[in-house]
Amino acid sequence: VKIGKSNPRVIALDGDTKNSTFSEKLKLHNPAQYIECFIAEQNLVGVGIGAACRNRVISFVSTFATFFTRAFDQIRMGAISQTNCNFVGSHCGVSIGEDGPSQMALEDLAMFRAIPTSTVFYPSDAVSCERAIELAAQTPGICFVRTSRPKTAVIYDNNEPFQIGKAKVVKKTDKDQVLLIGAGVTLYEALKASNELAKAGVNARVLDPFTVKPIDAAAIIQNAKECGGRIVTVEDHYPEGGLGEAVLSAVAEQRDVVVRKLAVPRVPRSGPSDALLEMFGISANHVVKAVQDVLKV
């Protein structure tokens, strides 16, 4: 809404989820900057790409992240056609809770990482999310911003600078034994786990990647080496193609680096958010157990 107020070329498009994605806020500011495409996601994406043709507008296409899977062909062809279009996918992962698995985006990171020209943002708080939107508006190609449903604490100062492909270390000591990498809700699970491990005398560093594509390979490698070559990743996504595999690719040619990957292992179910994080192996408790295991390697 902020950039829409300052630049009338910014428009929002939604697939009848505007009250959940909050794209309606731009509509309330100026209805001329909003296009309702209803529950027809292929059309939604096509209109967004078409509107952005020849840089006439800066399109922000929003819906639940899982619904973008319906429009993979349109997104793929948009990339081939060198479009500049931004996609904001909310309600990702099992953390959305009671809405159930049909609404849970668990493949979206894999899908957007595979798109040529794509930049994949995964902000973890309000400040980093705002910076992600600002950067997406200025970045050529396909941009995907993955946002979560649960309320999260603000961990960054309002003036904190962010860059594409640059991670943030949000907790560290000089005696860290393992590097924890999470994003969105799982960054907070990693922080909880780090605090619990500290009570047992185990220091765990916590890293926020900010972008999953490009991943900050240099920061991951440097911090991993400073933590004894041990990494635990935790993500609200299926194991294939998400944060964990991006980290594995980053350290693939490094010797003496061990990665333990936590992800949603199977089709989930409906339930309270915290209960689902625990049930599907991505809660702070599971991070603690993973660290204990990796320290034995």
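The following exercises, each with a worked solution, concern a predicted model of one protein chain.

Residues are numbered from 1 along each chain as its sequence is written, and side-chain values use heavy atoms, with hydrogens and water left out. In this predicted model, local features need pLDDT of at least 70 and side-chain atom pairs count only at pLDDT 80 or more, while totals for chains, interfaces and linings use all residues.

**Exercise 1. Overall dimensions**

Task: Compare the radius of gyration of the protein chain with that of a compact globule of 297 residues.

Solution:
1. The radius of gyration is taken over C-alpha atoms, and the globule rule is 2.2 Å times the number of residues to the power 0.38.
2. For 297 residues the rule gives a value near 19 Å; the protein chain has 19 Å, so the two agree.
3. Along the principal axes, the C-alpha atoms fill a box of roughly 60 × 35 × 35 Å.
4. Buried residues (under 20% relative accessible area, with exposed over 50% and partly exposed in between; 1.4 Å probe, protein chains only) make up 53% of the 297 residues.

**Exercise 2. Domains and their contacts**

Task: State which domains are assigned and how many residues of each are in contact with the other.

Solution:
1. The assignment, which comes from an automatic or database source, gives domain 1 (7-146) and domain 2 (168-296).
2. The C-alpha centres of these two domains lie 26 Å apart.
3. Counting contacts as heavy atoms within 4.5 Å, 30 residues of domain 1 are in contact with 32 residues of domain 2.

**Exercise 3. Nonpolar cores**

Task: Identify the residues that touch the most other members of the largest nonpolar core.

Solution:
1. A nonpolar core is a set of buried Ala, Val, Leu, Ile, Met, Phe, Trp, Tyr and Cys residues joined through side-chain atoms within 4.5 Å.
2. The largest has 43 residues, of which Phe 68, Ile 75, Phe 87, Phe 112, Ile 181, Ile 220 and Ile 231 touch the most other members.
3. At least three residues of this core come from each of domain 1 (7-146) and domain 2 (168-296).
4. A second, separate core of 30 residues includes Met 104, Tyr 188, Ala 190 and Val 288.

**Exercise 4. The surroundings of His 91**

Task: Locate His 91 and determine whether it is buried or exposed.

Solution:
1. Helices (H or I, at least four residues) and strands (E, at least two) are DSSP runs, numbered from the N terminus; His 91 lies in the loop between β4 (85-90) and α6 (108-113).
2. His 91 counts as buried because its relative accessibility is 7%.
3. Its side chain makes a polar contact of 2.8 Å with that of Ser 90. Such a contact is a pair of N or O atoms within 3.5 Å; within protein, one must be able to donate a hydrogen and the other to accept it, and residues adjacent in sequence count only if both atoms are side-chain atoms.
4. Beyond four places in sequence, the contacts of His 91 include Ser 20, Phe 64, Asp 99, Met 104 and Arg 149.

**Exercise 5. Cysteines**

Task: Explain why Cys 92 is not bonded to Cys 129.

Solution:
1. A disulfide is a pair of cysteine sulfur atoms within 2.5 Å.
2. The closest cysteine sulfur to that of Cys 92 is in Cys 129, at 11 Å, which is too far for a bond.
3. Cys 143 is also in no disulfide; its nearest cysteine sulfur, that of Cys 85, is 9.4 Å away.
4. The structure holds zero disulfides.
5. Cys 92 is buried at 0% relative accessibility, and Cys 143 is buried at 1% relative accessible area.
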